[in-house]
Amino acid sequence: AAESFNYKKFFEMVGLKKKSPEDVKKVFHILDKDQSGFIEEEELKFVLKGFTPEGRDLSDKETKALLAAGDKDGDGKIGADEFATMVAES
């Protein structure tokens, strides 16, 4: 349902929380579609589709909330270390 996305529950559901740091990095690289070394807002919108083809796009509000949760240095994107921290803290 729209506006129901909770990244903490999602990371738990897909088993990310139990993955090794190496596996978390692999997931980061899958989500980093343009291989820039960062997950930008445009890529975050499609995060659910990275795990299942039937996944829906996140709403703008959900995307911005996810970005805010992971973007610790305020540069408008999520780096690999920020992603690992976000998973670890979920």
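These are legends for four views of a predicted model.

**View 1. The whole chain, five helices and two strands.** Start with the full predicted model. Follow the chain along the sequence and you'll meet the elements in the pattern α-α-β-α-α-β-α, for a count of five helices and two strands. Along its principal axes, the C-alpha trace spans about 30 × 30 × 25 Å. The radius of gyration is 12 Å, which agrees with the value near 12 Å that a compact globule of 90 residues would have. Buried residues make up 37% of the 90 in the chain. As for contacts with a separation of 6 or more, 50% of them come from residues 24 or more positions apart.

**View 2. The two spans that UniProt lists as "domain: EF-hand".** The labels here come from an unreviewed UniProt entry, which puts this domain at residues 19-54 and again at residues 58-90. Take residues 19-54: this span is 42% helix and 8% strand, and its end C-alpha atoms sit 23 Å apart. Now residues 58-90: here the make-up is 64% helix and 9% strand, with 19 Å between the end C-alpha atoms.

**View 3. The largest cavity and its lining.** Searching the whole structure turns up one cavity of 30 Å³ or more. How much space lies in the largest cavity? About 40 Å³. Which residues line it? The list runs Phe11, Leu31, Ile39, Leu44, Val47, Leu66, Ile78, Phe83 and Met86. Sort that lining by residue class and you get nine nonpolar, no polar and no charged. Some of these side chains can be placed on the earlier views: Leu31 belongs to helix H2 (21-31) and Ile39 to strand E1 (38-40).

**View 4. Gln35, a loop residue with positive phi.** Zoom in on the loop between helix H2 (21-31) and strand E1 (38-40), and there you'll find Gln35. What is the phi of Gln35 near? It's near 55 degrees, a positive value in a residue that isn't glycine. Is Gln35 buried or exposed? With a relative accessibility of 51%, Gln35 counts as exposed, because the cut-off for that label is over 50%. The loop holding Gln35 falls in the part of the chain that the unreviewed UniProt entry lists as residues 19-54 under "domain: EF-hand".

Notes:
Residues numbered from 1 in each chain as written. Predicted model: local features only at pLDDT ≥ 70, side-chain atom pairs only at ≥ 80, totals over all residues. Heavy atoms only, no water. UniProt positions renumbered as here; feature names shortened; annotations may be inferred. Helix = DSSP H or I, 4+ residues; strand = E, 2+ residues; numbered from the N terminus. 1 Å grid on protein atoms, 1.4 Å probe; cavity = no way out; pocket = protein on both sides within 12 Å on 5 of 7 lines; lining within 4 Å. Points joined across faces, edges and corners; volume = space filled by probe spheres on them. Nonpolar A, V, L, I, M, F, W, Y, C, P; charged D, E, K, R; others polar. Rg over C-alpha atoms; globule rule 2.2 N^0.38 Å. Buried < 20%, exposed > 50% of the residue type's maximum accessible area, 1.4 Å probe, protein only. Contact = heavy atoms within 4.5 Å.
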